[in-house]
Amino acid sequence: MMENENKSLTEATENVQNIAEVAEVQNAVEETKQYPVYKTTQEVVDRMAEIAQSEDEPERQEVELLKSLFYKFRNADNEAKKQAFIEAGGNAEEYQPEQDENEEKFKAELSVIRERRQKAFLELEQLKADNLMKKLEILDKIKAMTTTPEETGAHYQEFKTLQEEWKTITPVPAEKATELWKNYQLYCEQFYDLLQLNREAREYDFKKNLEIKTQIIETAEKLAEEEDVISAFYQLQTLHDQWRESGPVAKELREDMWTRFKAASTIINKRYQDHYLAIKEKEEKNLELKTALCEKAEAMTAVEAIPANAAAWDEQTKLMLELQAEWKTIGFTAQKMNAKIFERFRAACDAFFTKKNEFYAQLKESYAQNIEKKKALVEQAKELAESTEWRATADKFVNLQKEWKAIGATPHKIGEELWAEFIGACNKFFDARNAANAGQRNEQQENLQKKYDVVARLKALVEEPVENMREVLRSLSEEFSKIGHVPFKEKDALYTEYKQALDAAYSKLNKANAGRRLDRFKKSIKDAAENLGDERSRLARRLENLKKELATVENNLSFFSSSNGKKANPLLDGVKKQMEKIKDEIALTIEKIKAIDEK
């Protein structure tokens, strides 16, 4: 029977060790706590002051969170002030952060909290040491009772008093708890074994202890149905405390009772561990998802990924905002990685928007210069609009229009407004000139028909090209240019049709020329065996340059409107023509590279 009792004690000790093994998992409970969202440094300082002045024990995790947030806010504020200092013309190296009164207050409150925590820790350690001495004294007294079997009955009431006193003494140093409990259980069982003169009292104690332990077991078994896993686990710890403080039962029941209680405990502990393993797996998955978003955001700030125009920046910004929105849908990672992964993502986002701001700052400066140039042309056009020196003033307007075309892009809205003023002044002059030259209308109608005849011949060339097509096109263009004025209201539609027909003819010619150029190129490399690698490298470099040139032209194209009311935009036509020419050259260069690769 003694062996069975010792076995029960050993298993009790092992259970205490199993509980200690999941202590690390218990710590994860603290990591799941949520605190209010602090948006300013003052909110953080105020909360730290509340904690310092409160009589409640401060939570380490919240204090660390507040400390981290305070320095993040402070650093962000310093960085913003530094940026403002630089933008105001200051030198970054000369910038000196301002004295922060909040920081001194924050440090003072933090010092108070640290002192309180240190004091509480020392008091608890002293209490544990005092309790250890008290329990050792109780053990000595119970041990002494087991050495006088003849006086066991007389000592029974004193023994029960010592047991009650034992239960009231908590806590003790963790490293001594198991040894104390072993000795206490051993000496108690030895005392009961020697209690021959008062067997009825002993049996009564066994019966009451059996009832207590049975109730504890039944309560532990019901905890398996508890939905709140964390609550069930902590309730189980309370039951283990009650089990240890309850007295022994009859020897023949001890092993069975302990086995049943241990089985119920194992179920609760397993659910608790599985719960935090699931949390850990989710956190690891969240870390993988957030790392992938960081890599995408970092790739968008790489040199080769930097957009070349405003439209591309808008598209990239849309993608970056989508990444940020996706980030918000992903849960927390492990506490030790949560701040690090966020800082990495935030750094990538900041780098992206810094580069975007730099791009638009340069673009804004360019816009400002172009706006001033166009305003100057508008004023000149308005001054000339009232002139009646038809020929000289017309030439001046033509020169003004050429200057307008040479000026770079401006913001779309103001560009349209300036263009409306400019073309309005031009139209005012030419309308007045046309009114003065009303007698020329019949001649202009004849000229209109002649120019439409030229357009018809251009369209015919698109359908049926001729051998000397370039010379024919040049001749028709000269013929079209030499024909006199046409009615003003008809000239835009006429020019548009003429331009489309001429562009179509040249496109036909260019494609034919490109085919002939490619054929000549293929013939030139047919028998070549050397220097093809150099030629291919040269073509590859040319291809890259053409692509960059095309990107620049496309960027310029985004700043123009294809029309202004019913008026054609000649500058836009020139840009489009240039873009098509570059595309044809890119296609030809690609075919040449393919020809070399096939060779």
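What follows is a set of questions and answers on a predicted model.

User: What makes Phe-233 and Tyr-272 a stacked pair?

Analyst: Two values decide it. The ring centres are 3.7 Å apart, and rings pair if their centres lie within 6.5 Å. The planes stand at 15 degrees, and planes under 30 degrees apart count as stacked. So the pair is stacked.

User: How many aromatic pairs does this rule give?

Analyst: The count comes to 27 aromatic pairs.

User: Where do Phe-233 and Tyr-272 lie, and are they buried or exposed?

Analyst: Phe-233 is in helix 9, residues 229-245. Tyr-272 is in helix 10, residues 251-299. The two are 39 residues apart, and the pair links distant parts of the chain. Phe-233 and Tyr-272 are both buried.

User: Which residues form one aromatic cluster?

Analyst: The members are Trp-313, Phe-352, Phe-353, Phe-359 and Tyr-360.

User: What puts the charge of Lys-213 in relation to a ring?

Analyst: The charged end of Lys-213 sits over the ring of Trp-243, 3.8 Å from its centre. The distance cut-off is within 6 Å of the ring centre. Lys-451 also has a ring partner: it lies over the face of Phe-480, at 4.6 Å from the ring centre.

User: Why is the contact between Arg-254 and Glu-189 called a salt bridge?

Analyst: The closest N and O atoms are 3.9 Å apart. The rule asks for a Lys or Arg side-chain nitrogen within 4 Å of a carboxyl oxygen of Asp or Glu. The contact between Arg-254 and Glu-189 therefore counts as a salt bridge. Arg-254 lies in helix 10 and Glu-189 in helix 7, so the pair ties together parts that are 65 residues apart in sequence.

User: How do you know whether Arg-254 and Glu-189 are buried or exposed?

Analyst: Buried means under 20% relative accessible area. Arg-254 has 7%, so Arg-254 is buried. Glu-189 has 3%, so Glu-189 counts as buried too. Helix 7, the home of Glu-189, spans residues 174-194. Glu-189 also has a C-alpha to C-alpha distance of 9.1 Å to Gly-247, at 58 residues apart in sequence.

User: What makes Arg-244 and Asp-241 a salt bridge, and where do they lie?

Analyst: Their closest N and O atoms are 2.2 Å apart, against a limit of 4 Å. Both residues lie in helix 9, three residues apart, about one turn of the helix.

User: Why are Arg-244 and Asp-241 called partly exposed?

Analyst: The class lies between the buried limit of 20% and the exposed limit of 50%. Arg-244 has a relative accessible area of 22%, so it is partly exposed. Asp-241 has 39%, so it is partly exposed as well.

User: How do Lys-459 and Glu-497 tie together parts of the chain?

Analyst: They form a salt bridge, with the closest N and O atoms 2.7 Å apart. Lys-459 lies in helix 15 (residues 441-463) and Glu-497 in helix 17 (residues 488-526), so the pair ties together parts that are 38 residues apart in sequence. At 39%, Lys-459 is partly exposed. At 26%, Glu-497 is partly exposed.

User: How many salt bridges does the structure hold, and which residues do shared partners join into one network?

Analyst: The structure holds 19 salt bridges. Arg-47, Glu-50 and Glu-62 are joined into one network by salt bridges that share partners.

User: Why is there no bond between Cys-294 and Cys-349?

Analyst: A disulfide needs cysteine sulfur atoms within 2.5 Å. The sulfur of Cys-294 is 8.1 Å from that of Cys-349, its closest cysteine sulfur, so the gap is too far for a bond. Cys-294 is buried at 0%, and Cys-349 is buried at 4%. A search of the whole structure finds zero disulfides.

User: What is the peptide bond between Thr-170 and Pro-171?

Analyst: The bond is cis, with omega about -10 degrees. Most peptide bonds are trans. Pro-171 is in the loop between helix 6 (156-168) and helix 7.

User: Which residues touch the most other members of the largest nonpolar core?

Analyst: Among them are Leu-377, Phe-397, Trp-404 and Phe-430, in a core of 20 residues. Helix 12 (335-384), helix 13 (390-406) and helix 14 (412-436) each supply at least two residues. The largest share, eight residues, comes from helix 14. A second, separate core has 19 residues, including Met-320 and Phe-359.

Technical notes. Residues numbered from 1 in each chain as written. Predicted model: local features only at pLDDT ≥ 70, side-chain atom pairs only at ≥ 80, totals over all residues. Heavy atoms only, no water. Phe/Tyr/Trp six-rings, centres within 6.5 Å; stacked < 30°, edge-to-face > 60°. Helix = DSSP H or I, 4+ residues; strand = E, 2+ residues; numbered from the N terminus. Buried < 20%, exposed > 50% of the residue type's maximum accessible area, 1.4 Å probe, protein only. Lys NZ or Arg CZ within 6 Å of the ring centre and 35° of its normal. Core = buried A, V, L, I, M, F, W, Y, C linked by side-chain atoms within 4.5 Å.
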